[in-house]
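Visitor: Please take me through some terms used for this model. I would like each one set against its definition.

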Amino acid sequence: MTIVVTGATGNVGRPLVAELMRAGVRVRAVTRNLAAARLPDGVDLTSSARDALPGATAVFLNSRALGADLAAVVKEAGAQGVSKLVALSASNVDDDFARQPSRFRGDRNKEAEQLAVDSGLTWVSLRPTMFDTNFAGMWSGQLRAGDVVAGPYADASSAPIAEADIAAVAARALLTDELDGQRITLTGPQALTNAELLAALGGALGRRLRYVEAPADAVRRQFLSLGFPAAFADGYLAIMADAVVRPALVTGDVEKILGRPAQSFSAWAAEHTDLF
């Protein structure tokens, strides 16, 4: 069995490569920066998804990594005899595009899922919620400067998921037929507000952290000053506003599939204190 992993050095791709290597299958890892890949010994490295396809059994599709080549890679996979596609999608994939801020950073979750479904190959679509590492991106700079995080909507809830859990489910989807033909929404084990997430992080860091709610318009200006598109800022703030009045969805699919609970945000934070 030979499995192609696109986005192999990303937050999901890297632990997925490790999972597949532990399972003893051949892995072809696709990454733009071969020199800095730092993947396990024995992984076949390539910068071209198309070059990785001949003789492959299955492909993990990361739409941001594939960019404009996404549709062509799916088509070529079928022509090369690939039997399965596992698409990395998102829990909000059916929402209006204006409520999918990651689209404005290159994700094409809807397209990746639909291309897999329409490919004529066996398919699985994974729909994870917000990643745990997103909070490192949002909060680490402020926490290096002090113990206060200023952000929108302290009471907005989410159920973020550890990327290693997404990778473990992806490995199960690639290696078995247990999940074939399913769209699977993956979440962390608990819905927590922004303030509660920061408190959990503080426990891992041994610090008393405080979340200060900032006005939405101030947060929007900050996003723009950092170079984010206005559509990204507007979509993110709309999601946060909704999450104040509508608690985040929590599914038990990680535990159902893996036979163990999804990792808590607190446990993830304790393992990743270096990010903060």
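Visitor: What is the volume of the second largest pocket, and what makes a set of points a pocket rather than a cavity?

Guide: The volume is about 280 Å³, where a volume is the space filled by probe spheres set on grid points joined across faces, edges and corners. On a 1 Å grid over the protein atoms alone, a cavity is a set of points where a 1.4 Å probe fits but cannot get out, whereas a pocket is an open set with protein on both sides within 12 Å along at least five of seven lines. The model is predicted: local features need pLDDT of at least 70 and side-chain atom pairs pLDDT 80 or more, while totals for chains, interfaces and linings use all residues. Residues are numbered from 1 along each chain as its sequence is written, and side-chain values use heavy atoms, without hydrogens or water.

Visitor: Which residues that line the second largest pocket are closest to its centre?

Guide: They are N11, P15, T133, E163 and H272, out of 14 lining residues; a lining residue has an atom within 4 Å of a point. Helix 1 (13-22), helix 7 (163-175) and helix 12 (265-271) each give two or more residues to this lining. Helices are DSSP runs of H or I, at least four residues, and strands are runs of E, at least two, numbered from the N terminus. The lining has five nonpolar, six polar and three charged residues, with Ala, Val, Leu, Ile, Met, Phe, Trp, Tyr, Cys and Pro counted as nonpolar, Asp, Glu, Lys and Arg as charged, and the others, Gly among them, as polar.

Visitor: Why is helix 1 called oblique to helix 7?

Guide: Their axes are 8 Å apart, at an angle of about 45°. Axes are lines fitted to C-alpha atoms, for helices over the stretch in contact, and angles run from 0 to 180 degrees between N-to-C directions. Under 35 degrees counts as roughly parallel, over 145 as roughly antiparallel, 65 to 115 as roughly perpendicular and the rest as oblique, so helix 1 is oblique to helix 7. The crossing is right-handed: the near helix is turned clockwise from the far one by less than a right angle, and anticlockwise would be left-handed.

Visitor: Which residues of helix 1 meet helix 7?

Guide: P15, L16, E19 and L20 do, and their partners include E163, A164 and A167; contact means heavy atoms within 4.5 Å. This contact has 10 nonpolar, no polar and two charged residues.

Visitor: What makes helix 4 roughly parallel to helix 5?

Guide: The axes of helix 4 (residues 70-79) and helix 5 (residues 109-118) cross at roughly 15° and come within 10 Å. That angle makes helix 4 roughly parallel to helix 5. L70, A71 and V74 of helix 4 contact E111, A112 and L115 of helix 5.

Visitor: Where is M1, and which residues does M1 touch?

Guide: M1 lies in the segment before strand 1 (2-6). Leaving out residues up to four places away in sequence, M1 touches V25, R26, T57, L174 and L175.
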